[in-house]
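Here are a few short exercises to work through at your own pace. Keep the structure open beside you and try each task before reading its solution.

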Amino acid sequence: MPSSKLSSLQPGQSALIRAIHAEEAVHQRLLALGFRVGKQVELIRRARFAGPVHVRIGTTDVMMRPAEAQRIEIGEIMMGSRR
Amino acid sequence: MKRVAMLGMPNTGKSTLFNRLSGASARVGNWPGITVDLMGAKILLGGHIAELIDLPGIYDFHGFSEDEMVVRHFLEKNSVDMVLVVLNTTQIERQLALALQVRELGLPAVLVLNMVDEARRAGISVAPEKIARHMQMPTILVSAKYGDGCSGLLSEAARELDRHGPVTPEELQQRLASDDRIESEMESILKDAVEMPVRLPDRVTEQIDRLVLHPWLGLPVFLGVMFLLFQFIFTFGKPLQDGVAWLLGYARGGLVEPMLSGLPPWLHGLLLDGIYNGVGTVAAFVPIIILFFLVMTMVEDSGYLSRAAFMMDALMARMGLDGRGFVMLLMGFGCNVPALMGTRVMRSRNLRLLTMMIIPFSLCSARLQVFLFVAAALFAPAHAALVLFVLYLSSFAVAFLTAMLFKGQMKSNEPFLLELPPYRFPTWRQIYMRGWHEATHFLRRASKFIVAGVVLVWILTNFPSDVPPASSQTFAGMIGGALAPVLSPIGIDAQLTIALIFGFVAKEIVIGALAVIYGMEGNSLMALMAQKLDWVQAMSFMLFTLIYTPCLSTIATLRSESKSLGFATLSVVWSLLLAWVVSFVFYQGARFLGY
């Protein structure tokens with residue numbers, strides 16, 4: 001299965017994080033916000049005009065620009081979130 | 001005296017707890033090794049007098065953001081007796097790592113699990129005694145917002161201070177080392193001590209977000225919210241400002257003037273028209289700053305600011321700014337001074353500087369007064385509205401142009417990763433404390449500069465003392481004469497130049513200055529101006545007024561917020577230059593086209 005990026009998720013879809021490809025500063029921040037390999041992340045919505053994406057990881061809602069979302073590699077895409 | 005630092009991630013209610021513990025005694029202070037202001041307060045902890053310091057919110061000790069650097073430098077340069085580690089209980093599963101890092105560093109600490117009210121509502125139950133045992137640090141459940149648990153926290157902190165001595169900066173420097181074990185230890189503590197539902201039942205936040213972040217409705221909602229906030233600030237601010245002005249005028253006529261009547265005229269003028277008016281200029285800003293931060297606290301603490309940033313980020317990112325910058329730019333249309341102070345939410349210095357570079361171009365309410373007057377004097381009502389519209393557009397245009405030009409110099413390398421916290425209602429106490437702190441901050445930092453500036457302009461327009469004030473024989477008139485080769489190509493004559501020198505102090509006094517300069521008031525002043533100026537000159541004058549330095553208070557705030565005279569100078573010089581170029585292009589262009 002080809003690998004995809006968090007930025008390619010559609011609103012309402014979620015996936016498990018497979019890898020984080022970011023330089024140390026961004027990586028540290030992502031870690032502290034709860035982004036870790038194996039965790040489930042859901043894309044809630046996108047802002048218009050290629051603006052930021054709104055994602056949910058665990059109990060935390062985070063927004064990031066598409067450039068940052070590009071750095072998060074995800075596995076198989078699931079519809080909705082685990083209940 | 002003991003030193004106690006408060007440490008926590010962003011959005012943990014750390015500042016609320018700080019305000020709760022410190023009361024109104026807090027003030028901003030400078031610390032060795034770091035360049036940003038930190039809030040500090042002296043509080044009583046058992047038998048100790050302790051200095052409580054509110055450190056910036058950080059995610060961990062090893063990050064590279066500017067706030068993380070600030071905290072590290074602070075701890076490496078200042079000896080600390082104890083740390084209060086403040087965690088947001090609703091997010092304990094990822095925040096506990098910070099507390100574990102503190103423990104690894106060997107800092108005596110009390111663990112404060114804040115926002116227990118929200119955690120309870122979300123169905124999270126925490127056993128503090130179990131956490132305390134695992135962490136080997138006293139653990140207190142607190143709701144800083146409502147004050148629950150604060151007295152228990154104080155007595156526990158006092159006991160902890162008795163037990164330990166301070167940790168020296170040298171020891172700490174050595175210990176800021178690896179934290180590999182933290183991850184696995186965190187998992188096991190959470191498993192034992194915390195029960196958490198799989199998903200937080202935060203339906204309300206989700207529903208509000210569905211509206212305010214809606215792809216089509218979000219923007220109108222945002223503009224509507226901004227409009228209402230504006231209305232609020234000025235509906236209440238205008239009468240307050242008028243009240244302050246009336247009070248100062250009353251005190252002047254009834255008290256100050258009779259007291260100074262025996263003095264020689266020049267000293268009388270200096271004290272009254274220089275210093276007293278300077279104090280009045282400062283005082284006029286206080287109601288607006290308080291009201292602005294009442295509103296700002298609501299916007300920020302409710303969680304709406306990050307939503308607004310989400311909406312506007314696509315536009316602002318192209319200019320090297322972020323979505324929050326747009327909110328501040330809009331706030332600047334009310335008054336530039338509090339908008340500049342509001343940029344403190346941005347933690348990256350370069351991002352903040354770039355935002356502070358563009359805010360002075362916001363067409364504030366004081367400039368609007370000048371434009372309303374001049375437009376009414378020179379244009380038919382239908383055209384006057386168009387003129388105002390063009391001025392508003394120009395305001396945005398020069399702000400965006402400035403951002404585009406300077407984004408290379410003030411590049412922010414901070415990743416744009418912002419939390420969208422659940423919506424909360426700030427308490428009245430939070431709102432009121434913020435307004436109070438910001439107003440005293442402004443008075444402490446900016447008032448001397450502003451009074452000195454007002455005195456200087458008074459001297460320029462009143463000396464030599466044997467000529468009529470604000471006439472061409474005064475220093476200001478001489479400067480106007482000297483500047484004529486520069487300003488006549490943009491259609492600004494000697495009288496208008498003197499008005500611009502007054503406008504340097506505050507745009508509110510430009511019309512008053514014109515009245516003094518021409519020796520006429522109201523309708524007759526309008527008629528005279530219509531006679532002496534044509535519309536091209538008037539428009540050029542308004543464009544120049546829009547773009548050059550907003551007012552002395554703005555410059556003072558630029559300097560105190562950036563802590564750099566160089567930056568304030570750059571902003572002033574750039575705006576003067578840009579004002580001239582824009583007016584030149586307009587004036588010569590219009591003349592070339594035969595107007």
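The exercises below use a predicted model and go from domains to the chain interface and then to a sheet.

**Exercise 1. Find the domains of chain B, then describe how domain 2 of chain B touches domain 3 of chain B.**

Solution.
- Step 1: Start with the bounds. Chain B is assigned domain 1 (2-200), domain 2 (211-258 + 282-364 + 397-443) and domain 3 (448-592).
- Step 2: Place the two domains. The centres of domain 2 and domain 3 of chain B, taken over C-alpha atoms, are 26 Å apart.
- Step 3: Count the contact. Domain 2 of chain B brings 14 residues and domain 3 of chain B brings 16.
- Step 4: Look for the elements on the domain 2 side. Helices H11 (265-302), H14 (336-342) and H15 (349-358) of chain B each provide at least two residues there, and H14(B) gives the most, with 4 residues.
- Step 5: Sort that side by class. It holds 13 nonpolar residues, 1 polar residue and no charged ones.

**Exercise 2. Which elements of chain A give two or more residues to the side that touches chain B, and how does that side divide by class?**

Solution.
- Step 1: Count both sides. The contact joins 27 residues of chain A and 27 residues of chain B.
- Step 2: Name the elements. On chain A, helix H1 (24-32) and strand S5 (60-64) give two or more residues each; the largest share, 7 residues, belongs to H1(A).
- Step 3: Sort by class. The chain A side has 12 nonpolar, 7 polar and 8 charged residues.

**Exercise 3. Trace the open sheet that contains S5(A) and S10(B), and find its edge strands.**

Solution.
- Step 1: Recall the principle. Strands of a sheet pair through backbone hydrogen bonds, either parallel or antiparallel.
- Step 2: Begin where the chains meet. S5(A) and strand S10 (residues 417-419) of chain B run antiparallel and are joined by 3 bridges; Val62(A) has Glu419(B) as its bridge partner in S10(B).
- Step 3: Write the order. The 7 strands run S1(A)-S6(A)-S2(A)-S3(A)-S4(A)-S5(A)-S10(B), with antiparallel pairing.
- Step 4: Check the ends. Strand S1 (4-5) of chain A and S10 of chain B are the edge strands, each pairing on one side only.
- Step 5: Examine the S1(A) end. S1(A) is antiparallel to strand S6 (residues 72-79) of chain A, with 2 bridges between them, and Lys5(A) is partnered by Glu73(A) in S6(A).
- Step 6: Add the helix. Helix H12 (residues 304-317) of chain B packs on the sheet and touches strand S4 (53-57) and S5 of chain A as well as S10 of chain B. The direction of H12(B) makes about 140° with that of S10(B).

Key. Residues numbered from 1 in each chain as written. Chains lettered and ligands numbered in written order. Predicted model: local features only at pLDDT ≥ 70, side-chain atom pairs only at ≥ 80, totals over all residues. Domains from an automatic or database assignment. Contact = placed C-beta atoms within 7 Å. Nonpolar A, V, L, I, M, F, W, Y, C, P; charged D, E, K, R; others polar. Pairing = 2+ DSSP bridges. Axes fitted to C-alpha atoms, helices over the stretch in contact; angles between N-to-C directions.
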